[in-house]
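This report goes through one protein model, starting from a loop and working outward to the sheet and the helices that accompany it.

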Amino acid sequence: MQSVTIMKAGPYELISLGNGLAYELNNHGNENGAPWSLFVQGDDAAQFRQEIDAMEAAHPSMPSRDVLGYMWATYWQGAE
């Protein structure tokens, strides 16, 4: 499956998999090892992308780092 980094800012990296069929959002802020990662696919991936696009449209001057940070805070369910 083809993967493309579509946004990278601060500790965050957003990767599109399969031309938007899935997204992986990585947070490289983990000082104790590998980056934290969240993954969405299918309908969840479509909703995820719509939310990013809506955030960017509503706040065009918002830095990418803040957009990705908001998405991270909204979707991250892991334990620290």
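Asn-30 is found in the loop that connects S3 with S4, and the description begins there, with the reminder that the model is a predicted one. With a relative accessibility of 17%, Asn-30 counts as buried, because the cut-off for that class is under 20%. Not counting residues up to four places away in sequence, Asn-30 touches Pro-35 and Trp-36. A polar atom of the Asn-30 side chain also lies 3.0 Å from the backbone nitrogen of Asn-32. Asn-30 and Glu-51 are 21 residues apart in sequence, and their C-alpha atoms are 25 Å apart in space.

Two further asparagines can be set beside this one. Asn-19 belongs to the loop between S2 and S3, and its phi is near 55°, a positive value in a residue other than glycine. Asn-26, by contrast, sits within a strand, namely S3, which spans residues 22-27. The table gathers the location and accessibility of the three residues.

| Residue | Location | Relative accessible area | Class |
|---|---|---|---|
| Asn-19 | loop between S2 and S3 | 76% | exposed |
| Asn-26 | strand S3 | 7% | buried |
| Asn-30 | loop between S3 and S4 | 17% | buried |

Which side chain makes a polar contact with the side chain of Asn-26? The partner is Ser-37, at 2.9 Å. Leaving aside neighbours within four places in sequence, the residues in contact with Asn-26 are Pro-11, Tyr-12, Glu-13, Ile-15, Pro-35, Trp-36, Ser-37 and Trp-72.

These strands are part of an open sheet of four strands, ordered S1-S2-S3-S4 and paired in antiparallel fashion. Its edges are formed by S1 (3-9) and S4 (36-41), each of which pairs on one side only. Neighbouring strands of the sheet are turned against each other by 20° on average, with direction ignored.

The pairings at the two ends of this order can be described in turn. S1 and S2 run antiparallel and are joined by six bridges, with Thr-5 having Ile-15 in S2 as its bridge partner. The two strands form a hairpin with two residues between them, and in its turn Gly-10 has a positive phi of about 60°. S3 and S4 likewise run antiparallel, and six bridges join them; here Trp-36 in S4 is the bridge partner of Asn-27. Trp-36 is thus a residue that recurs in this account, since Asn-30 touches it and Asn-26 is in contact with it.

The helices remain to be placed. H1, made up of residues 43-58, lies across S1, S2 (12-17), S3 and S4, and runs at about 110° to S4. H1 also packs with H2 (residues 64-75) at an angle of about 140°, the axes being 10 Å apart, and H1 is therefore oblique to H2. The crossing by which H1 passes H2 is right-handed. On the H1 side the contact is made by Gln-47, Phe-48, Glu-51, Ile-52, Met-55 and Glu-56, and on the H2 side by Val-67, Tyr-70, Met-71 and Tyr-75. Glu-51, one of the H1 residues in this contact, is the residue whose C-alpha lies 25 Å from that of Asn-30, which brings the description back to the loop between S3 and S4 where Asn-30 lies.

Notes. Residues numbered from 1 in each chain as written. Predicted model: local features only at pLDDT ≥ 70, side-chain atom pairs only at ≥ 80, totals over all residues. Heavy atoms only, no water. Buried < 20%, exposed > 50% of the residue type's maximum accessible area, 1.4 Å probe, protein only. Polar contact = N/O pair within 3.5 Å; in protein donor to acceptor, adjacent residues only side chain to side chain. Contact = heavy atoms within 4.5 Å. Pairing = 2+ DSSP bridges. Axes fitted to C-alpha atoms, helices over the stretch in contact; angles between N-to-C directions. Parallel < 35°, antiparallel > 145°, perpendicular 65-115°, else oblique. Left-handed = near helix turned anticlockwise from the far one by under 90°.
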